[in-house]
Amino acid sequence: MIKRLSLIIMLLAGSLGILKAQDPAILADTLLIAGDTIIMIGDSIIVKQKIRPVYWEKGGNFNLSIQQVSLSNWNAGGASNMALNSGLAMFANYKKDKIIWDTKLNINAGFNRQAERRFKTRKTNDNFIFISKYGRELTELWYLSTQIDARTQLLEGFRYFRPAGAEQDSRSQISDFLAPAYLQSSTGLNYRKEYKNKDKLSIIASPFTGRFTVVLDDSLSRAGAFGVVPGEAVRAEAGISFGSTTDFQIYENIRWRADLNLFSNFEKLGNFVVNFNSLITMRVNRYISTRIETILIYDENVLIQQDVGPPRQAIQLQNMINFGLTLDF
């Protein structure tokens, strides 16, 4: 009898020791409300919120630079002028399970004004680029993706020249909104890698690509500009394409972003249409930066009017260095 009583006492003591050793939160009263856990320990309340997954990453950037030169009785020569350049970049990226959807929009506009010439205000920069890519994961780095690439300009574009013997400049229209516009749809394999420091690399190769050249201006369409059949508004092509997007932090305050798009028509395989955009941003502080923008375009169907001689195929190159205001959002 004594042995049994001793054994019962030992078991009770062990059970009390185990209960004391347990986490007080386990012994506390718990209540689950809308995914949040409320734990009550005595007079204290502990709220443990459920971590909600984030599928969207959104943001953008606006930049503005202004330059003004005012001259009066300036013996060294020159002309008063004002230059303005602005840009808006926005992105929205979605990732959930094996699905990705990356979208970005870039709009740039720039003007130069000189009071002592016939056409005082002239466009220096104007482009609209929209790229959206949807993909499904095959492996950790490879995706099957479809990409839409749309490019145009927003305002009329002119070529300025001075006819022989004339005292003032003349101009002729060479582009307008949706004249031209380029719409490209491609499906293929996409290599996509993100690094720990938020650097990104994306490469997509597509053996099935459709490209449409749109010219909605009647005068340019009748002239057969940008490779369309005279009088037609759309030129459709089928071919292969290659595209890449890079976003790298070169140094602490220097970032490089670039987009490359290559397209080759099946009828002229090996002759590529080239679109290359590069942007180097050098941050001074949160609001001030220097931007070096380079755009390179080559399309054998676009003939460039020369100062001397007939129009011919040529590489289009634009390079801008801007110092001004930069706002991230």
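Strand 8 (142-152) and strand 11 (181-194) run antiparallel to each other, paired over ten bridges. Pairing here takes at least two DSSP bridges between two strands, and the strands themselves are DSSP runs of E with at least two residues, numbered from the N terminus. This is a predicted model, where local features need pLDDT of at least 70 and side-chain atom pairs count only at pLDDT 80 or more, while totals for chains, interfaces and linings use all residues. Residues are numbered from 1 along each chain as its sequence is written, and side-chain values use heavy atoms, with hydrogens and water left out.

**Strand 11 and its partners**

Let's stay with strand 11 for a moment. If you want a place to look in its pairing with strand 8, take Ile-148, whose bridge partner in strand 11 is Ser-185. Strand 11 also pairs with strand 12 (200-214), again antiparallel, this time through 13 bridges. Ala-181 has Val-214 of strand 12 as its bridge partner. Strands 11 and 12 form a hairpin with five residues between them. In a regular strand, side chains alternate between the two faces of the sheet.

**Backbone oddities in the loops**

What is the phi of Lys-198, in the turn of that hairpin? It comes out near 75°, a positive value in a residue that isn't glycine. Lys-198 counts as exposed because its relative accessibility is 65%; the cut-offs are under 20% relative accessible area for buried, over 50% for exposed, and partly exposed in between (1.4 Å probe, protein chains only).

Asn-73 is another non-glycine residue with a positive phi, near 55°. You'll find Asn-73 in the loop between strand 4 (56-69) and strand 5 (81-96), and Asn-73 is exposed too, at 80% relative accessible area.

Then there's a cis peptide bond, joining Ala-179 and Pro-180 with omega at about 5°. Pro-180 sits in the loop between strand 10 (170-175) and strand 11.

**Nonpolar inside, nonpolar outside**

Ala-179 turns up again in the largest nonpolar core, which has eight residues: Ala-179, Tyr-182, Val-215, Leu-220, Ala-225, Phe-226, Val-228 and Val-302. A core of this kind is a set of buried Ala, Val, Leu, Ile, Met, Phe, Trp, Tyr and Cys residues joined through side-chain atoms within 4.5 Å. In soluble globular proteins, nonpolar side chains tend to be buried together. Leaving out residues up to four places away in sequence, Val-302 touches core members Tyr-182 and Phe-226, plus Arg-312, Gln-313 and Gln-316; contact means heavy atoms within 4.5 Å.

On the surface, Ile-66, Met-82, Leu-84, Phe-111, Leu-154, Leu-155 and Phe-177 form a nonpolar patch with about 580 Å² of accessible area together. Patch residues have over 30% relative accessible area and no salt bridge; nonpolar side chains (Val, Leu, Ile, Met, Phe, Trp, Tyr) are joined within 5 Å, like charges within 9 Å. The areas come from the Shrake-Rupley method with a 1.4 Å probe, and for residues only the protein chains shown count as cover. One of the patch residues, Leu-155, lies in the loop between strand 8 and strand 9 (157-161) and is partly exposed at 38% relative accessibility.

**Salt bridges**

How many salt bridges does a search of the whole structure find? The count is 17, with a salt bridge meaning a side-chain nitrogen of Lys or Arg within 4 Å of a carboxyl oxygen of Asp or Glu. Three of the pairs are listed here.

| Pair | N to O distance |
|---|---|
| Lys-268 and Glu-300 | 3.7 Å |
| Arg-283 and Asp-328 | 2.3 Å |
| Arg-291 and Glu-293 | 3.7 Å |

Lys-268 is in the loop between strand 14 (254-265) and strand 15 (272-283), and Glu-300 in the loop between strand 16 (288-298) and strand 17 (303-304), so their salt bridge ties together parts 32 residues apart in sequence. Lys-268 is partly exposed at 46%, as is Glu-300 at 22%.

The side chains of Arg-283 and Asp-328 also meet in a salt bridge. Since Arg-283 lies in strand 15 and Asp-328 in strand 19 (residues 316-328), that pair ties together parts 45 residues apart in sequence. Arg-283 is partly exposed, with 23% relative accessible area.

In the third pair, Glu-293 is buried at 8% relative accessibility, and Arg-291 is buried with a relative accessible area of 8%. Finally, Asp-199, Asp-247, Arg-255 and Arg-257 are linked in a network of salt bridges.

Key:
Helices (H or I, at least four residues) and strands (E, at least two) are DSSP runs, numbered from the N terminus.
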